[in-house]
Amino acid sequence: MTTRAGFVALIGEPNAGKSTLLNRMVGAKVSIVTHKVQTTRARIRGVAMEGQSQIVFVDTPGLFQPRRRLDRAMVAAAWGGAADADVIVLLIEAQRGVTEGVERILEGLGDIGQGRKVALAINKIDRVQSEVLLGLTKDLNDRYAFVETFLISAERGHGIETLRGWLANEVPQGPWLYPEDQIADLPMRMIAAEMTREKLTLRLHQELPYQLTVETEGWEERKDGSAKIDQLIYVIRDGHKGIVLGHKGETIKAVSKAAREELEEFLGRKVHLFLQVKVRPNWLDEAERYSQMGLEFKDGNA
Ligand SMILES: Nc1nc2c(ncn2[C@@H]2O[C@H](COP(=O)(O)OP(=O)(O)OP(=O)(O)O)[C@@H](O)[C@H]2O)c(=O)[nH]1
Ligand SMILES: [Mg+2]
């Protein structure tokens, strides 16, 4: 019996649907998803089995022009994910087509794509007419030598089986890299922190989601089978703390409830979730925050 296993990096502009696709491929919510850009901050692996193949999907932060230190670390993590992969899948949003951001990614692929299979997946096909897809497929293939093009809807599941079947044959022969029943390799503490960050991002507006981070501080297994989880939410200003808490603590309560419910579903048991908000003006420049997120912190000018 020949087994296959390998890494498939999902790259693309922010909001292209990379995390949605990873979750769909894995069949569980491993990576958080919001309608906002720059939701994913680090590389997140999800494992899918297809016949005798184990496909390790690597979700990456969206590629954009970085301004802050955090942005740069995110973009570096994304390209790093691509550079480590056996196959790269570039996700393009059907509706948006070839933006300047996409052109820059294609330039980047000129280097990173060398000696690697790069496939194109045009996502969100549920949002456009088929003529648009024909034009976009041709345009993109004229610009880069993709080995294959897939038309998909990560959200609705269109084209997913075809893409997974193809990838199963493209990953190299070799032993599986993870136990057959494993679906993620992110520590639970981090998955739990991400779930809370998703709920915060969905409720808070403008810049706030980009100026906060969530860390799991404590995780206690209780005798009754439940877990007590303590998390810290770091914000950069006093005013932000007030907004995160909300009027009479309504916002944080709602966030906590939504995150707890999702965690309980993921873990299949009861969770007691305690959130605390702390003002930490410089967290965006603290090495420890980056290692907690699974990002590389680079010294030098912020
Ligand atoms: N209509 C439609 N929406 C989709 C599809 N796939 C993803 N979305 C939506 O697009 C938005 C962004 O999805 P994400 O999966 O978070 O995108 P991402 O590429 O991971 O974004 P970043 O992490 O910010 O780089 C969410 O609101 C998804 O529900 C699709 O096939 N069709
Ligand atoms: Mg994402």
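**View 1. Ligand 1 and the magnesium ion share two side chains, Ser-19 and Thr-40**.
Start with Thr-40: one of its polar side-chain atoms sits 2.8 Å from an oxygen atom of ligand 1. Ser-19 has an N or O side-chain atom 2.8 Å from a ligand 1 oxygen, and Ala-154 places a backbone N or O atom 3.0 Å from an oxygen of ligand 1. Around ligand 1 there are 23 residues, with Lys-18, Thr-20, Gln-38, Thr-39 and Glu-155 coming nearest (a residue is near a molecule if one of its heavy atoms lies within 4 Å of it). Everything here is a predicted model, where local features need pLDDT of at least 70 and side-chain atom pairs count only at pLDDT 80 or more, while totals for chains, interfaces and linings use all residues. Side-chain values use heavy atoms, without hydrogens or water; residues are numbered from 1 along each chain as its sequence is written, with chains lettered from A and ligands numbered from 1 in the order written.

**View 2. Two hydroxyls hold the magnesium ion (ligand 2)**.
The protein donors are Ser-19 (OG) and Thr-40 (OG1), at 2.0 to 2.1 Å from the ion. Donors here are N, O and S atoms within 2.8 Å of the metal (3.2 Å for Na, K and Ca), and water is not among the atoms, so a site may look incomplete. Ser-19 belongs to helix 1 (residues 18-26), while Thr-40, 21 residues apart from it, is in the loop between helix 1 and strand 2 (44-50). Helices (H or I, at least four residues) and strands (E, at least two) are DSSP runs numbered from the N terminus. Both Ser-19 and Thr-40 are buried, meaning under 20% relative accessible area (1.4 Å probe, protein chains only).

**View 3. Ser-153 sits in the loop between strand 6 (148-151) and helix 5 (160-170)**.
Its relative accessible area is 0%, so Ser-153 counts as buried. A polar atom of the Ser-153 side chain is 3.1 Å from the backbone nitrogen of Arg-156. Beyond four places in sequence, Ser-153 is in contact (heavy atoms within 4.5 Å) with Asn-123, Lys-124, Ile-125, Asp-126, His-158 and Ile-160.

**View 4. Ser-226 is tucked into the loop between strand 7 and strand 8**.
At a relative accessible area of 2%, Ser-226 is buried. Its side chain makes polar contacts with the side chains of Asp-224 (2.6 Å) and His-272 (3.3 Å). A polar contact is a pair of N or O atoms within 3.5 Å; within protein, one must be able to donate a hydrogen and the other to accept it, and residues adjacent in sequence count only if both atoms are side-chain atoms. Not counting residues up to four places away, Ser-226 also touches Glu-220, Glu-221, Arg-269 and Lys-270, among others.

**View 5. Helix 6 (residues 188-203) and helix 8 (250-267) pack against each other**.
The 16 residues of helix 6 should span 22 Å at 1.5 Å a residue, and its end C-alpha atoms are 23 Å apart, which agrees; the expected span is 1.5 Å times one less than the number of residues. Buried residues of helix 8 include Ile-252, Val-255, Ala-259 and Leu-263, and the buried residues of helix 8 pack against helix 6, strand 8, helix 7 and strand 9. Gly-268 follows helix 8 and has a positive phi, near 70 degrees.

Notes. Buried means under 20% relative accessible area, exposed over 50%, partly exposed in between (1.4 Å probe, protein chains only).
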